[in-house]
Amino acid sequence: MDLTENKLYVPVPQTRPGDTPVFDGMNLEPAGRAPRPDVMAEARETTDLSFGLIRVLDDDGNAVGQWDPKLSPEQMREGLRHMMQTRAYDARMLRMHRQGKMSFYMTSTGEEAVAVAQGMALRPSDMLFPSYRQQGLLMVRGRDMVDMAAHCMSNERDNLKGRQLPVHYTWREGNFFSISGNLCTQFPQAVGWAMASAYKGEDTVTASWIGEGSSAEGDFHIALTLAGVYRAPVILNLVNNQWAISSFSGIAGGNQTTFASKGIGYGLPGLRVDGNDFLALYAATQWAAERARRGGGATFIEAVTYRGGAHSTSDDPSRYRPKEDWEAWPLGDPIERLKNHLIKLDEWSDDRHTQMEAELKELVVSSLREAESYGTLSDHRSSHPSTMFDDIFKDMPQNLIRQKQEAGL
Amino acid sequence: MPQMNMIQALNSAQDVMLERDSNVVIFGEDVGYFGGVFRSTDGLQAKHGLQRVFDAPITEGGIVAMAVGMGANGLRPIAEIQFADYIFPGFDQIISELSRLRYRSAGQYFAPVTIRSPWGGGIHGGQTHSQSPEAFFTHIPGVKVVVPSTPYDAKGLLISAVEDDDPVIFFEPKRLYNGPFDGDHEKPAQGWGNHPGGDVPEGHYAIPLSKAQIVRPGTQATILAYGTMVHVAQAAVAANGIDAEIIDLRTLSPIDFDTITQSVEKTGRCVIVHEAPKTSGFGAELSAMVQEECFWHLQAPIQRVTGWDTHYPHAHEWAYFPSQARITAALEKTLKV
């Protein structure tokens with residue numbers, strides 16, 4: 001008997017620091033091949049889509065196949081702008097973190113298409129339950145970057161009164177829920193929100209995002225179960241960016257099956273989508289939103305992408321993955337791919353791109369400078385410490401009144 | 001006035017709230033068509049409709065999470081956790097989400113959720129159907145914790161909980177569902193018929209949260225109790241003739257400081273009674289509070305009569321369950337000083 005066969009199996013990634021990047025076994029189908037079923041199709045009719053890959057933009061910059069959402073050049077330029085603004089904002093915020101102006105930051109570099117394309121495919125009235133790497137949703141919904149950065153610096157303008165870690169945004173006016181920081185908890189809450197929308201007879205769709213790593217949480221199973229049981233008008237999105245801090249997707253079960261295919265078992269359509277393909281993401285989200293609005297219930301979408309940067313400013317990815325991994329990533333860069341498509345259509349040019357990059361950089365710099373005028377973490381200009389006792393309850397109970405007095409506030 | 005047992009009173013409270021507010025919805029395991037394993041929602045689905053009173057799958061985490069999402073989206077959910085012993089899969093959603101939503105969003109979002117759950121022992125429920133986990137919840141800022149002791153209080157407090165804009169954990173002493181229980185398990189079970197707490201008005205009335213009630217005025221010592229132990233303490237005092245003041249806390253968090261401190265300042269002695277284990281139980285908080293607030297009025301050390309620091313036993317339930325005799329012994333001990 002070969003005892004090696006009985007050893008505990010622990011999955012390991014194909015490559016580690018110093019290795020040449022390898023991305024085998026990704027089921028990369030050519031763009032345009034995936035069929036687009038009717039939005040009211042049975043969940044099981046999406047089985048092939050959940051193991052395949054919905055792609056619209058091919059390697060030559062063409063939009064091909066049934067999933068092409070046929071967006072106007074204006075819409076695509078808008079998407080490009082939001083993605084570029086997100087990247088520019090992230091870059092500048094990272095720099096400000098290094099300057100000690102905030103305690104922490106998380107970039108979405110390399111996966112900007114997820115939040116931007118999905119956000120644009122939804123209506124402004126649709127409800128968003130994001131995780132911490134979907135700042136692109138705020139760009140799409142037009143949140144002032146001054147307010148975003150003010151929150152991250154916990155300064156006098158922070159709409160969360162200095163209570164939350166940076167990037168854990170809340171923006172009620174933009175139908176953007178409060179980001180928790182505990183992972184996946186928002187997934188079943190989004191189902192509850194969607195159930196309430198259905199209860200009230202509204203045609204609002206709710207969308208939520210998690211990373212592939214936290215799909216191992218119980219709340220993932222709970223959310224998909226409830227979404228199926230109550231046919232909730234919700235879109236449950238899993239952003240498979242390959243890395244959960246230092247753990248590759250195989251540690252969350254990504255080697256055994258695709259994440260998208262897990263939807264089928266709960267009776268939800270599962271769509272596996274090229275997460276760096278703006279048009280494919282837009283089309284898949286549009287499909288799911290239409291299904292939800294027509295009473296067809298929830299959809300589970302896996303966006304296959306790559307976390308280009310570190311998990312957070314407290315992380316150093318060079319210690320666990322090859323440095324050149326992102327450059328070698330077979331699905332490319334979402335901004336480059338949409339840019340190339342627009343150039344191919346003669347609706348964009350390298351010059352215009354460079355010019356927009358400069359404009360956005362200027363906008364980001366001026367916004368962040370204005371945000372700084374309200375204080376940074378290092379100059380201690382935050383909300384008054386006495387506000388710490390507010391909003392525990394609607395009305396302050398006696399124990400908190402006493403403690404506030406005891407604290408001299 | 002109509003007579004109701006505690007189940008009927010809870011049912012009536014939910015009926016009243018479903019009637020008054022179309023945003024009230026009820027869900028939990030077996031609460032729909034069947035009306036709940038203890039019958040607390042009996043007939044409510046038939047009367048108010050499938051969308052308002054419905055069954056949830058067996059997922060306490062999911063039941064709380066749904067309530068968070070629905071509550072934040074304008075509804076006023078009443079979520080039932082079938083036994084308090086089962087609440088722990090929902091603990092993260094209560095601790096990290098429900099309790100903090102108003103705070104972490106700086107008031108942009110809040111979830112007016114009521115979580116009802118049968119609680120406490122005395123029904124031969126063993127370790128998974130008898131626990132009193134209130135201290136886990138009183139430790140969390142942002143949730144209120146309520147425990148009624150009569151049908152009248154149960155209805156009025158539940159209505160207040162549902163109308164409250166903050167989350168409320170509403171623990172129901174299940175041994176009191178069908179009648180008061182004085183701790184003597186060998187006596188035939190009593191109904192609520194002969195107890196004034198069984199007189200329950202049909203319509204809407206509210207009992208304010210965070211208000212304790214003096215159920216027996218007295219001069220020699222103060223007994224702090226809640227739930228079933230209110231009745232055990234009353235019986236103990238009736239039998240031993242000690243003129244103790246008994247306070248039914250009703251809301252454990254946020255606590256009613258004044259009623260407690262005024263009483264202890266008057267009597268100079270304090271006995272705390274609860275079913276949960278002693279170490280880090282809610283009695284520890286009460287004891288610390290009384291010591292901080294009333295130290296110069298205390299004539300004797302504060303006494304705690306609680307469940308033991310064991311898991312809740314099945315065969316040995318009555319050796320665990322705080323008895324009249326233990327309450328009397330504690331009173332005598334404090335009076336000796």
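This is a tour of a predicted model with chains A and B, giving what to select at each stop and what is found there.

**Confidence**

Colour the model by pLDDT before selecting anything else. Chain B averages 98, and 100% of its residues score at least 70. Chain A has a mean of 96, with 99% of its residues at 70 or more. Within chain A, the element with the highest mean pLDDT is strand β3 (residues 234–240), at 99. The lowest mean among the elements of chain A, 95, belongs to helix α10 (residues 325–328). For the model as a whole, ipTM is 0.97 and pTM is 0.97.

**Where the chains meet**

Next, show both chains and select the residues at their contact. Here 37 residues of chain B meet 35 residues of chain A. On the chain B side, the elements that give two or more residues are α3 (60–72), α4 (91–98) and α5 (101–104). Which of the elements of chain B gives the most to the side that touches chain A? That is α3(B), with nine residues. Coloured by class, the chain B side shows 17 nonpolar, 14 polar and six charged residues.

**The two domains of chain B**

Hide chain A. The domain assignment splits chain B into domain 1 (6–198) and domain 2 (213–336). Their C-alpha centres are 25 Å apart. The contact between them draws 28 residues from domain 1 of chain B and 28 residues from domain 2 of chain B. To see the domain 1 side, select α6 (134–138), β5 (144–146) and α7 (151–163) of chain B, each of which supplies at least two residues. The side of domain 1 of chain B that touches domain 2 of chain B has ten nonpolar, 13 polar and five charged residues.

**A mixed sheet in chain B**

Now select strands β7, β9, β8, β11 and β12 of chain B. In that order, these five strands form an open sheet with mixed pairing. Which strands are at the edges? They are β7 (213–216) and β12 (303–307) of chain B, each pairing on one side only. From one strand to the next, the twist averages 25 degrees.

Inside this sheet, zoom in on β8 (residues 221–225) and β11 (residues 270–277) of chain B, which pair in the parallel sense over three bridges. B:T222 is a useful label here: opposite this residue, in β11(B), stands B:C270.

Add the helices that pack on the sheet. Helix α10 (residues 282–294) of chain B touches β8, β11 and β12 of chain B, and its direction makes about 160 degrees with that of β11(B). Helix α8 (residues 228–240) of chain B lies across β7, β8, β9 (244–248) and β11 of chain B, running at about 170 degrees to β9(B).

**A helix crossing**

Keep α8(B) selected and add helix α12 (residues 324–336) of chain B. The axes of these two helices come within 9 Å and cross at roughly 65 degrees. The crossing of α8(B) with α12(B) is right-handed. Show side chains at the contact: from α8(B), B:V232, B:A233, B:A235, B:A236, B:A239 and B:N240, and from α12(B), B:Q324, B:I327, B:T328 and B:L331. By class, this contact of α8(B) with α12(B) holds seven nonpolar, three polar and no charged residues.

**Two backbone details**

Most residues other than glycine have a negative phi, and most peptide bonds are trans. Select B:R250, in the loop between β9 and β10 of chain B. This residue is not a glycine, yet its phi is positive, at about 60 degrees. Then move on to B:S253 and B:P254, which are joined by a cis peptide bond with omega about -5 degrees. B:P254 is in the loop between β10 (251–253) and α9 (257–267) of chain B.

**The sheet of chain A**

Finally, bring back chain A and select strands β1, β2, β3, β7 and β6. They form an open sheet of five strands in that order, with parallel pairing. At the edges stand β1 (127–129) and β6 (270–274) of chain A; each has a single partner strand, so one side of each has no neighbour in the sheet. The average twist from one strand to the next is 20 degrees.

Zoom in on β1(A) and strand β2 (residues 206–211) of chain A, a parallel pair over three bridges. A:M127 has A:T206 in β2(A) as its bridge partner. The last selection is helix α7 (residues 218–229) of chain A, which lies across β2, β3 and β7 (299–304) of chain A and runs at about 150 degrees to β3(A).

How values were computed. Residues numbered from 1 in each chain as written. Chains lettered and ligands numbered in written order. Predicted model: local features only at pLDDT ≥ 70, side-chain atom pairs only at ≥ 80, totals over all residues. Contact = placed C-beta atoms within 7 Å. Helix = DSSP H or I, 4+ residues; strand = E, 2+ residues; numbered from the N terminus. Nonpolar A, V, L, I, M, F, W, Y, C, P; charged D, E, K, R; others polar. Domains from an automatic or database assignment. Pairing = 2+ DSSP bridges. Axes fitted to C-alpha atoms, helices over the stretch in contact; angles between N-to-C directions. pLDDT = per-residue confidence, 0-100. Left-handed = near helix turned anticlockwise from the far one by under 90°.
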